[in-house]
Amino acid sequence: MEEERLCLSNKLKGIRIRTFDDIRVKILKTYNSKVSVAKSVRKKGLVKYLIRIERIHDYLMNDFYRNIELLPKYDELHQFYKDLIAMSCMGNRYSDVIGKIIGYKSVIRKLTREYSERIRLSFDVPEARKLSREYVGRVLSVFRRLRKDLECLKEVVNELRKLPCIIMSEPKIVVAGMPQVGKSTFVSRISSAKPEISPFPFTTKEIIVGHLEVNYRRIQVIDTPGILDRPLNELNPIERKALVALKNLPDSIIFIVDPYEGSYYSLDRQITLLRNLLTTFNEWRAKMLVAINKIDIVGKKRLELVAKAVKSVFKGEVYYMSALNGVGVKEVLDAAIRLAEGYP
């Protein structure tokens, strides 16, 4: 699909950000590589150094700066990506950093023109050699000033590149809840996604996207890492990523609760998380449903107690299912699709 080709993670796959160390190695290798000049050329010694600095200039313009200029503009990014970038070493400096790097492009061009002219006018080969080395030193000093920014930019681009392809124009159902409540089992059952399922918490460390087709329309189902019931400023990077997805992506949300008394996280902690999310993001109430999972391993009285606890903080629809066995899964999915399409 054309939209998939143009989604951010796919657009970034062909972009490579070079760090100062990458640039230094490439420039020195280029400078020291063999240069052949035709016998008919006058002042071969001078010409060889001219060719060296031209090669360095071409590398910087056609490789390094080409990749920088292919990066999306900040205003073109969906808020989901802006929030992820804000969580990184980049903070809110994305546009400033790219602008700063591109601003040095004219400095490189000016240095290349200056030293090309000086080498042409040099008296002998030793002077040309000295000038060419001076050129290399000054070019490297430019990128040395950008060292930290380039390392951070490379880290950010690599992280964004690893994200699944999310089509913002297609319906998105986000699955949320604490670790070990059955989110990945549910997503695996209803969609093409096959997240790792494990008895250990925080197995899902990245955002995972699966797809299903309903009435010839593709639906995206997004499995998020588990979130714990603690203040937002205490969340770890994995939980923060889940929260950013919840904040920016869903057309509907399925919040899954584990009712089992021996569950990894107690019912009180799950209800606290649900309350915290609804308090922090009040607009979620209209697009959320709660699914009590694992009904195959708990009794009726326990389910009634769990449902009462859920309804004490959540006034929307509460559903019952066993994601493992497929019981009630279709009803949960159908309800989530209705919410995603704007129907109650």
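This is a tour of one predicted protein model, with selections to make at each stop.

**Whole chain**

Start with the protein chain shown as a cartoon. Its secondary structure comes to 14 helices and six strands. Colour the chain by burial: of its 344 residues, 50% count as buried. Among the contacts in the chain with a separation of 6 or more, 73% are between residues 24 or more positions apart.

**Stop 1: helices α3 and α9**

Select residues 20–32, which are helix α3, and residues 147–162, which are helix α9. Two packed helices are described by the angle between their axes and the distance between the axes. Here the angle is about 110 degrees and the axes are 8 Å apart. That makes α3 roughly perpendicular to α9, because angles of 65 to 115 degrees count as roughly perpendicular.

Now show side chains. On the α3 side, the contact is made by Phe20, Asp21, Asp22 and Ile23. On the α9 side, the residues are Arg147, Leu150 and Lys154. By class, this contact of α3 with α9 has three nonpolar, no polar and four charged residues.

**Stop 2: the second largest pocket**

Keep α9 in view. Which residues line the second largest pocket? Select Leu84, Ile85, Met87, Ser88, Glu155, Val156, Glu159, Leu160, Leu163, Pro237 and Lys241. The pocket they line has a volume of about 280 Å³.

Three elements give two or more residues to this lining: α5 (79–87), α9 and α11 (237–248). The largest share, four residues, comes from α9. By class, the lining has seven nonpolar, one polar and three charged residues.

**Stop 3: the cavity**

The structure holds one cavity of 30 Å³ or more. The largest cavity has a volume of about 40 Å³. To find it, select Leu8, Leu12, Leu71, Pro72, Leu77, Ile85, Tyr94, Val157 and Leu160, which line it. Ile85 and Leu160 are already in the selection for the second largest pocket, and they also line the largest cavity.

What classes of residue make up the lining of the largest cavity? It has nine nonpolar, no polar and no charged residues.

**Stop 4: Val139**

Select residues 125–145 to bring up helix α8, then pick out Val139 within this helix. Is Val139 buried or exposed? Its relative accessible area is 0%, so Val139 is buried; the cut-off for buried is under 20%.

Next, show what surrounds this residue. Leaving aside neighbours within four places in sequence, Val139 is in contact with Ile27, Leu60, Ile108 and Leu111. For a distance to check in the viewer, take the C-alpha atoms of Val139 and Tyr104: they are 10.0 Å apart. Along the chain, Val139 and Tyr104 are 35 residues apart.

**Stop 5: helix α10**

Select residues 183–190, which are helix α10. This helix is mostly covered, with six of its eight residues buried. The buried residues are Lys183, Ser184, Phe186, Val187, Ser188 and Ile190. To see what they pack against, add β1 (172–176), β2 (208–214), β3 (217–223), β4 (252–257) and α14 (329–340).

Now hide the strands and leave α10 with α14. Their axes are 11 Å apart and the packing angle is about 85 degrees. That makes α10 roughly perpendicular to α14.

Which residues of α10 and α14 meet? From α10 they are Phe186, Arg189 and Ile190, and from α14 they are Val329, Val332 and Leu333. By class, the residues of this contact divide into five nonpolar, no polar and one charged.

**Stop 6: two loop residues**

Select Gln180, in the loop between β1 and α10. The phi of Gln180 is near 75 degrees, a positive value in a residue other than glycine. At 22% relative accessibility, Gln180 counts as partly exposed.

Finish at Lys294. This residue sits in the loop between β5 (288–292) and α13 (300–311). Lys294 has a positive phi of about 60 degrees although it is not a glycine. Its relative accessible area is 22%, so Lys294 is partly exposed.

Notes
Residues are numbered from 1 along each chain as its sequence is written. This is a predicted model: local features need pLDDT of at least 70, side-chain atom pairs count only at pLDDT 80 or more; totals for chains, interfaces and linings use all residues. Side-chain values use heavy atoms; hydrogens and water are left out. Axes are lines fitted to C-alpha atoms, for helices over the stretch in contact, and angles run from 0 to 180 degrees between N-to-C directions. Angles under 35 degrees count as roughly parallel, over 145 as roughly antiparallel, 65 to 115 as roughly perpendicular and the rest as oblique. Contact means heavy atoms within 4.5 Å. Ala, Val, Leu, Ile, Met, Phe, Trp, Tyr, Cys and Pro count as nonpolar, Asp, Glu, Lys and Arg as charged, and the others, Gly among them, as polar. On a 1 Å grid over the protein atoms alone, a cavity is a set of points where a 1.4 Å probe fits but cannot get out, and a pocket is an open set with protein on both sides within 12 Å along at least five of seven lines; lining residues have an atom within 4 Å of a point. Grid points are joined across faces, edges and corners, and a volume is the space filled by probe spheres set on the points. Buried means under 20% relative accessible area, exposed over 50%, partly exposed in between (1.4 Å probe, protein chains only).
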